[in-house]
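Subject: Structure for you to look at

Hello,

Here is the structure I promised to pass on. Please open it next to this message and follow along; my notes come after it.

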Amino acid sequence: MIESLLVANRGEIARRIIRTAKRLGIRAIAVYSQADADLPFVAEADEAVLIGPPNPAQSYRNAEAILTAATATGAQAIHPGYGFLSENAEFARTVESSGLIWVGPGADAITAMGDKINARNLMAAAGVPVAPGTTDPAADLDAAVAAAAEIGYPVMVKAAAGGGGMGMGVAVDEAALRTEYDKVRAFAERMFGDGSVLIERYFPRVRHVEVQILGLADGRVVALGERECSVQRRNQKLVEESPSPAVPPELRSRLLAAAVRAGEAVGYRNAGTVECLLEPTTGEFFFLEMNTRLQVEHPVTEYVYGIDLVEEQLRVASGLAPTFDPDALVPRGHAIELRVNAEDPKRFLPGPGVVRTWVEPTGEGVRVDSGYTEGNTVTPFYDSLMAKLILSGDTREQAIARARTAVAAFQIEGPKNNLPFFAELLENEEFLSGAYDTGIVGRMR
């Protein structure tokens, strides 16, 4: 097993990785920016290194500073968490060429799945269903208009190099397409350094379902169930649950088998997620993208399958067998995750500030993965996620009941937060029925 691990991230995910590392007797090393010096993950690490100012480009995305910290502390491996450099193939390659262990998929897999058009084409060749769309980037506006006419409106205009719900727009007709194409292309060039755009069919009433995969050290790829991710604002997730209330056993078998084929097609190792769109009335599903990293919502899978995904990542990276029997995976119960963000609960606009009060809920089936505590400051430099509230139970109804109690008990004063939104959602009849889709938040507002 790896003996020392540098966590190239911050906040709740750094804290969560450090917790598992220390449980396994691995020396945990944190890196932090000037803005994060007082956060819990820094104090909880065995060693912490200041790597730069608040600007992510000068700290958490500064590959040179992170590698220098790894060398100075004698780190054996680097875990990137999610976001920042986690899906940067060049960084993964540099880590390994420096003689360090990269806790994630190989650089080739990251490259293959990082471009949405290339990923779509690979998946289609592997027999994974993909939505109607372009097989090459729309080189200019005329090409985009021609592609949309062939696919049929409405269409989604997407940055080929995008991710995390960013760089996307919907066009219901040619006039809207002309506006969205220019907007998405400009955003993609600015944010990703790649203005390539793809056009694909847009499904107005659809569910977002993803499958957790794990590529094992022996070369096998296994699927650890699905997660429902349809409660979203601006194409970004707010709530995840497992199993999905929209997926019956026969569909689950097809969905998981397709996800395994997706992983096998790129020789996948370590943790990853195959994201799909599900048309609930027909049971058709289409590949959306693969996230070549640990997902924010991984705790719901941990509850349902009784495993620690970070430990499994570390075991794969160390060349070890998993803690579970890949041929005897049996899900149990239900789990829900609520992303507690520093944002207004109505319009979801960021609301950073000093945390004056922070009291986490406790109780059976309650887990809080938090990045902050009382006295900390939520700054505007990073994602607004403050904590993840994860609830589990024998049934979906029990998990929801525990969620209501936990949301009411969670006390946060200072930054704006979206706990009031969750209190509303947990009483919403559409959500409670399980028959909701990605438009639910819009219908609540």
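To begin with, Arg207 sits over the face of Tyr436, 4.6 Å from the ring centre. A second arginine does likewise: Arg396 lies over the face of Phe431, at 4.9 Å from the ring centre. Keep in mind that this is a predicted model.

Next, the aromatic rings. A pair of aromatic rings is described by the distance of the centres and the angle of the planes. Searching the whole structure gives 11 aromatic pairs. One aromatic cluster is made up of Tyr60, Phe84, Phe381 and Tyr382.

Then there is a sheet. It is open, has 3 strands in the order 7-6-8, and its pairing is antiparallel. Which strands are at the edges? They are strand 7, residues 168-171, and strand 8, residues 197-201, and each of them pairs on one side only. From one strand to the next, the twist averages 25°.

Strand 6 covers residues 155-159 and pairs with strand 7 in the antiparallel sense, over 4 bridges. To find one place where strand 7 is bridged, look at Val155, whose partner there is Ala171.

Two helices to look at pack on this sheet. Helix 6, residues 116-125, touches strand 6 and strand 8, and its direction makes about 50° with that of strand 8. Helix 8, residues 174-192, touches strand 6, strand 7 and strand 8. The direction of helix 8 makes about 20° with that of strand 6.

Regards

Definitions and conventions
Residues are numbered from 1 along each chain as its sequence is written. This is a predicted model: local features need pLDDT of at least 70, side-chain atom pairs count only at pLDDT 80 or more; totals for chains, interfaces and linings use all residues. Side-chain values use heavy atoms; hydrogens and water are left out. Rings of Phe, Tyr and Trp (its six-membered ring) pair if their centres lie within 6.5 Å; planes under 30 degrees apart count as stacked, over 60 as edge-to-face and the rest as tilted. A charge sits over a ring if NZ of Lys or CZ of Arg is within 6 Å of the ring centre and within 35 degrees of the ring normal. Two strands pair if DSSP finds at least two bridges between them. Axes are lines fitted to C-alpha atoms, for helices over the stretch in contact, and angles run from 0 to 180 degrees between N-to-C directions. Contact means heavy atoms within 4.5 Å.
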